[in-house]
Amino acid sequence: TELGHCHAVNAEFMKRGVKMVAISCDPVDTHSEWIKDILKFKGKPEDEAFTFPIIADENREIVTLLGMLDPKEKDAKGLP
């Protein structure tokens, strides 16, 4: 996955003063299991510390503000 690759190369970004962050439209309580799945896919122990935070944006306010989603594409709740 993209996040798994970012986890693997995050040390290189940190050397350059870059702080990586991810954003998810899923609830924060799903992130722990998601991280375990990412680590397993990358062949890492599932209790390994993930190297950057994942921000929960369930209402998609942040991603909409940043123009990351097409506002014309809506889900069943009317969210982009």
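Visitor: Among contacts between residues at least 6 apart in sequence, what share joins residues at least 24 apart?

Guide: Bear in mind that this is a predicted model. Take the contacts in the protein between residues at least 6 apart in sequence, then keep those that join residues at least 24 apart. That share comes to 62%.

Visitor: What pattern does the protein follow along the sequence?

Guide: Start with the inventory: the secondary structure comes to three helices and two strands. Put them in order along the sequence and you can read off α-β-α-β-α.

Visitor: How far does the C-alpha trace span along its principal axes, and what percentage of the residues is buried?

Guide: The trace spans about 40 × 30 × 15 Å along those axes. As for burial, the protein has 80 residues, and a residue counts as buried when its relative accessible area is under 20%. The buried ones make up 22%.

Visitor: Why do the buried residues of H2 line one face of the helix?

Guide: Helix H2 covers residues 31–41, and its buried residues are His31, Ile35, Ile38 and Leu39. Look down the axis of H2 and these buried residues line one face, because they fall within an arc of 95°.

Visitor: And which residues are exposed on the other side of H2?

Guide: The buried residues of H2 are taken up with packing against helix H1 (2–15), strand S1 (22–24) and strand S2 (54–56). Flip to the other side of H2 and you find the exposed ones: Glu33, Lys40 and Phe41.

Visitor: Which residue with a positive phi follows H2?

Guide: H2 runs over residues 31–41, so to speak of what comes after it is to look past that stretch. The phi there is positive, near 75°, and the residue is Gly43.

Visitor: Is Ile62 buried, partly exposed or exposed?

Guide: Ile62 lies in helix H3, residues 61–65. It also helps make a nonpolar surface patch of about 660 Å², together with Val21, Ile55, Leu65, Leu66, Met68 and Leu69. Its relative accessibility is 35%, so Ile62 counts as partly exposed.

Visitor: What about Glu61, buried or exposed?

Guide: Glu61 lies in helix H3 too. Its C-alpha atom is separated by 27 Å from that of Met14, 47 residues apart along the chain. With 55% relative accessibility against a cut-off of over 50%, Glu61 counts as exposed.

Visitor: What percentage of the exposed area do carbon and sulfur atoms supply?

Guide: The protein exposes about 6000 Å². Of that area, carbon and sulfur atoms supply 57%.

Key:
Residues numbered from 1 in each chain as written. Predicted model: local features only at pLDDT ≥ 70, side-chain atom pairs only at ≥ 80, totals over all residues. Heavy atoms only, no water. Patch = residues over 30% accessible without salt bridge, like charges linked within 9 Å, V, L, I, M, F, W, Y side chains within 5 Å. Areas by Shrake-Rupley, 256 points an atom, 1.4 Å probe, with all protein chains shown as cover. Salt bridge = Lys/Arg side-chain N within 4 Å of Asp/Glu carboxyl O. Helix = DSSP H or I, 4+ residues; strand = E, 2+ residues; numbered from the N terminus. Buried < 20%, exposed > 50% of the residue type's maximum accessible area, 1.4 Å probe, protein only. Arc of directions from axis to C-beta. Contact = heavy atoms within 4.5 Å.
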